[in-house]
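Here is a short set of exercises to work through with the model open beside you. Try each task before reading its solution.

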Amino acid sequence: MKAHVSSILLGVQDMERAKRFYTDGLGWKIKNDYGISVFFESDGASPVGFYGRDGLADMVGTSRDGSGFGGLVLTYVVRSEARVDEIMAEAEKAGATVLKPAGALPWGGYGGTFADPDGYIWSLGYSAQGKDQPYAE
């Protein structure tokens, strides 16, 4: 198996709320809306989509119940500290919970962390040290 993700599916409690958060709040564009699932334009990266949480749990054969930290963090690397600040502000305005405000990171970079309305954690980061970063934008 290669170190590659074909798509990322997030199980959401409220499909309409999730769509509003990512489209109206963060400016994502919907590529396909199938009703029970939604996929966003990915600009060549692994596509991100939503599926109803209960249906997704059934589909993969796991419990629908989940609480606390699930051990998953989605990272988003940008090219400036200012862009980290902009995205953090956009997310908070859209209803995200800021977990760690943007600021200097222990390893020398700059970043912040928020949770979307379903609790999925996004870690935003910037580092002037790396030249081959996996930039999202």
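**Exercise 1.** How many residues does the largest nonpolar core have, and which of them have the most contacts inside it?

*Solution.* A word on the ground rules: this is a predicted model, in which local features need pLDDT of at least 70 and side-chain atom pairs count only at pLDDT 80 or more, while totals for chains, interfaces and linings use all residues. Residues are numbered from 1 along each chain as its sequence is written, and side-chain values use heavy atoms, with hydrogens and water left out.

Step 1: recall what counts. A nonpolar core is a set of buried Ala, Val, Leu, Ile, Met, Phe, Trp, Tyr and Cys residues joined through side-chain atoms within 4.5 Å. Buried means under 20% relative accessible area, exposed over 50%, and partly exposed in between (1.4 Å probe, protein chains only).

Step 2: read off the result. The largest nonpolar core has 24 residues, and those with the most contacts inside it are Leu 10, Phe 21, Tyr 22, Phe 50, Val 84 and Phe 114.

Step 3: place the core on the fold. Two or more residues come from each of strand 1, helix 1, strand 3, strand 4, helix 3 (81–94), strand 7 and strand 8 (121–126). Helices (H or I, at least four residues) and strands (E, at least two) are DSSP runs, numbered from the N terminus.

**Exercise 2.** Classify the ring pair of Phe 21 and Phe 114: what are its distance and its angle?

*Solution.* Step 1: set the cut-offs. Rings of Phe, Tyr and Trp (its six-membered ring) pair if their centres lie within 6.5 Å; planes under 30 degrees apart count as stacked, over 60 as edge-to-face and the rest as tilted.

Step 2: scan the structure. The search finds 9 aromatic pairs. In one of them, Phe 21 and Phe 114 sit 6.4 Å centre to centre with 55° between the planes, a tilted pair. Phe 21 belongs to helix 1 (residues 15–25) and Phe 114 to strand 7 (residues 110–115), 93 residues apart. Both Phe 21 and Phe 114 are buried.

Step 3: try another pair. The ring centres of Tyr 22 and Phe 40 are 6.3 Å apart and the planes stand at 50°, so this pair is tilted. Here Tyr 22 in helix 1 meets Phe 40 in strand 3 (residues 37–40), 18 residues apart. Tyr 22 and Phe 40 are both buried.

Step 4: join the rings. Ring pairs link Phe 21, Tyr 22, Trp 28, Phe 40, Phe 50, Phe 114 and Trp 122 into a cluster.

**Exercise 3.** In what order do the 4 strands of the open sheet lie?

*Solution.* Step 1: find the pairs. Two strands pair if DSSP finds at least two bridges between them. The order is 1-4-3-2, with mixed pairing.

Step 2: look at the edges. Strand 1 (8–12) and strand 2 (30–33) each have a single partner strand, so one side of each is left without a neighbour in the sheet.

Step 3: zoom in on one pairing. Strand 2 and strand 3 run antiparallel over 3 bridges. Asn 32 stands opposite Phe 39, and Asp 33 stands opposite Val 38. In the hairpin of these two strands, with 3 residues between them, Gly 35 takes a positive phi near 90°.
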